Number of protein chains: 4
Amino acid sequence: MFQLDLKNGKPIYEQIVDKFKEFIITGVLKPDEKIPSVRDLAKQLTINPNTIQKAYRELEYQGYVYSVQGLGSFTSSPDKILDTNKVDHLKEQINNNICELLYMGFEPDEMEKYIKNILSSWKGGRQND
Amino acid sequence: MFQLDLKNGKPIYEQIVDKFKEFIITGVLKPDEKIPSVRDLAKQLTINPNTIQKAYRELEYQGYVYSVQGLGSFTSSPDKILDTNKVDHLKEQINNNICELLYMGFEPDEMEKYIKNILSSWKGGRQND
Amino acid sequence: MFQLDLKNGKPIYEQIVDKFKEFIITGVLKPDEKIPSVRDLAKQLTINPNTIQKAYRELEYQGYVYSVQGLGSFTSSPDKILDTNKVDHLKEQINNNICELLYMGFEPDEMEKYIKNILSSWKGGRQND
Amino acid sequence: MFQLDLKNGKPIYEQIVDKFKEFIITGVLKPDEKIPSVRDLAKQLTINPNTIQKAYRELEYQGYVYSVQGLGSFTSSPDKILDTNKVDHLKEQINNNICELLYMGFEPDEMEKYIKNILSSWKGGRQND
DNA sequence: GTGGTCTAGACCACC
DNA sequence: GTGGTCTAGACCACT
C-alpha cells in the first residue's frame, strides 16, 4: 500500500497516520471505505501490530477514521467543522515554513505561483466529489 | 527573552531552536549579533545549561548561528544558498498543511488572501535591510 | 569492538564517530547493518550512555547511520552524492598534510608510491561489493 | 596578513598556527624571516594578544619558528628530520581522508591526478630553493 | 568570562 | 527492549 522511511527519524506510527491522512485528504481513499486490518497491514509492512494499532487509534482520535467492532476500520466523511485550535496551529506552521523558505532566498513570486498551483489543483481534484 | 511551554510535549531544546530561528528569520536578531551565553540563558529560563547547549548546537548545524570558544555564540548571516533537500521538504510540508486546512472546510479564497498577506508583509519588513 | 584512548585529548565521542566511519567506509559494517545499542556499547566501553548517544547523533548528521526509536541504530547506505563543501574541505586537508610531509623531507616518489598503494587496495577491497 | 574564520569552529590560535605553517611550508615566508610582533598582529586581527602568544608558543614547540629575546620571532629553516610519530599520524590522516573521498564516490583516477598535481607543483615551487 | 565534554542517573516515547 | 530528553554538577580548553 505504501512505503515506510525509517531514516527520516519520524516515528513509524506517525508515518502511517500521515500517509492515511494524505490518502483521505487527497481523495485516494473515499469516505466510508474500509482500510486494511491491523494484522494485515502489520504483516505487509513487516512491523509490529501494536504500531499499527497505535496509528489507527490516533487516526480515530483525529476524526479521520472510525472503527466498528467485528467489521474493521473505515474512513470518515469530512466534518466540515473548523477546529479553531487545529486551524490556528496549521496556519502558524504554514506561515513559519513560508518565511523560512523566503529567508533562504526563495522568490516571493515563485512562492505565490506555487501556492496558486496547490489551490487550483485542489479545486480541480474536488470537482468530482 | 521568551516563554517556554514545558507541557506541550515539544522538547525544550527544540522550542528554543524554533524561537531563535524565528527571531533570525524575521530580522529581530541581526547577522553576527551576539546571543546570550549558554549559562545566562539557562539561568534566565531556569533550565539546565546542557539543554541550551544542545539547542545552540542544533542551530549551528542548521546554519543559523556559530559559536566560538571563549567568545560566545553569534547569529550567522544567511548564505542564500538553496539546499534542495530542505526546500523540497518545506514545500511538501506547506502543501500538506494547506490541503489539510482545505479538507477541513477552509475556503481556498480565504487561504489565498492569507498567503498574500504573509508575502506582502515579508516584502514590507525586508525593505529596510 | 574497539579501543578508546582517553588520554590523547581527542573527545571520546569523536573517537567513536571516527571508528564507526572507518568501519563503514572500509566495508567492515555493511549497509543497513544494526550497530550496538546505546546502552550496550556504553556498558562495553565503560563510558556514559550520553557519550555514545552524542556519537551516534553526530554519525546521523554526517549521514553514516540512522536511528529508529524502539528499534535501534543502523548503518546508512552511501548516497554517492558529492557534497561540494565536504569534498573541498577533504581535498584541502589532503593537500596540507601532503605538503607538510614533503616539507619535513618525505620524498615525493615515496609519497606517490604510498598513494598508489591506498588507491589500489581500495579498488581491490571493493571488488566484492 | 590573513583572514580569520570564526565560523568554522576551529580555535583562533589554531587557525593562526595553521596559517603560519602554510606560509612557511609553501615558501611564502622564507627561513629566518621575521614574523610580526605579538602586539602588532593582535591589533591587526583585533583579537586578544594572549591568543597570538599561544599560537607563537605552539609554532615554536612544533619547530616552525624561534624567538630571540628583545628581537622578536623568526621562521626556522626546515630540519629535514623525520619525526616518526608525526609522519605516521600525517600518513594515517591522508589515508583516512582519501578513503572518505573515495567512499563518497570520488573517482580513484581523479584522485591520482589530483595527487600528481600536488606533487609536481611541489617540485616546481621548490626548484628555486 | 566563554563554549565543549563527560558522568550519573532519571524519565519518557516508541516498538 | 530501543532511542531521546533532561537535570545536576564537574572539569577542561579557549579568549
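## Where DNA strand F meets the protein

The largest share of the surface near DNA strand F comes from helix H3(C), which gives four residues. Here a residue is near a strand if its C-beta atom, placed from the backbone, lies within 6 Å of it. Helices and strands are DSSP runs numbered from the N terminus, with at least four residues for a helix (H or I) and at least two for a strand (E). Please keep in mind that this is a predicted model, in which local features need pLDDT of at least 70, side-chain atom pairs count only at pLDDT 80 or more, and totals for chains, interfaces and linings use all residues. Residues are numbered from 1 along each chain as its sequence is written, while chains are lettered from A and ligands numbered from 1 in the order in which they are written.

Which residues come nearest to DNA strand F? Of the 31 residues around this strand, they are Ile12(B), Asn48(B), Gly70(B), Ser37(C) and Ile12(D). At least two residues each are supplied by several elements, among them helix H2 (38-45) and strand E3 (72-75) of chain C and helix H1 (12-26) of chain D. Sorted by class, the surface near DNA strand F holds eleven nonpolar, 16 polar and four charged residues. In this sorting, Ala, Val, Leu, Ile, Met, Phe, Trp, Tyr, Cys and Pro count as nonpolar, Asp, Glu, Lys and Arg as charged, and the others, Gly among them, as polar.

## Where DNA strand E meets the protein

Now to DNA strand E, which has 30 residues around it. Ile12(A), Ser37(B), Ile12(C), Asn48(C) and Gly70(C) come nearest. H3(B) gives the most to this surface, with four residues. Other elements that each supply at least two residues include helix H1 (12-25) of chain A, helix H2 (38-45) of chain B and helix H1 (12-25) of chain C. The surface near DNA strand E has eleven nonpolar, 16 polar and three charged residues.

## A tour of chain A

Chain A has five helices and three strands, and along the sequence they follow the pattern α-β-α-α-β-β-α-α. The chain is divided into domain 1 (6-75) and domain 2 (84-126), with bounds that come from an automatic or database domain assignment. The C-alpha centres of these two domains of chain A lie 26 Å apart.

Along its principal axes, the C-alpha trace of chain A spans about 50 × 35 × 25 Å. Of its 129 residues, 16% are buried. A residue is buried if 20 or more other C-beta atoms lie within 10 Å of its own, exposed if 12 or fewer do, and partly exposed in between, with C-beta atoms placed from the backbone.

## Hairpins in chains C and D

In chain D, strand E2 (residues 65-68) and E3(D) pair in the antiparallel sense over four bridges. Two strands pair if DSSP finds at least two bridges between them. Val68(D) stands opposite Gly72(D) in E3(D). Three residues lie between the strands of this hairpin, and Gly70(D) takes a positive phi near 85 degrees there. Strand E1 (residues 34-35) of chain D also joins E3 (residues 72-75), running antiparallel with two bridges, and Lys34(D) stands opposite Phe74(D).

Chain C has a hairpin as well, where E2 (residues 65-68) and E3(C) are antiparallel partners over four bridges. Ser73(C) in E3(C) is the bridge partner of Ser67(C). Gly70(C) takes a positive phi near 85 degrees in this hairpin, which has three residues between the strands.

## How chains C and D come together

Chain C can be laid on chain D with an RMSD of 0.4 Å, by a turn of 179 degrees and a shift of 0.2 Å along the axis. The two copies are thus related as by a two-fold rotation axis. The superposition is by least squares on the C-alpha atoms of residues with pLDDT of at least 70 in both copies. Of the residues of chain C, Ile94(C) comes closest to the axis, at 2.8 Å (C-alpha).

How many residues does each chain bring to the contact? Chain C gives 31 residues and chain D gives 31 residues. On the side of chain C that touches chain D, helix H4 (84-103) and helix H5 (108-126) each supply at least two residues, and H4(C) gives the most, with 14. This side of chain C divides into 20 nonpolar, six polar and five charged residues. Because 97% of the interface residues of chain C are also interface residues in chain D, the copies meet through the same surface. Two residues are in contact if their C-beta atoms, placed from the backbone, lie within 7 Å.
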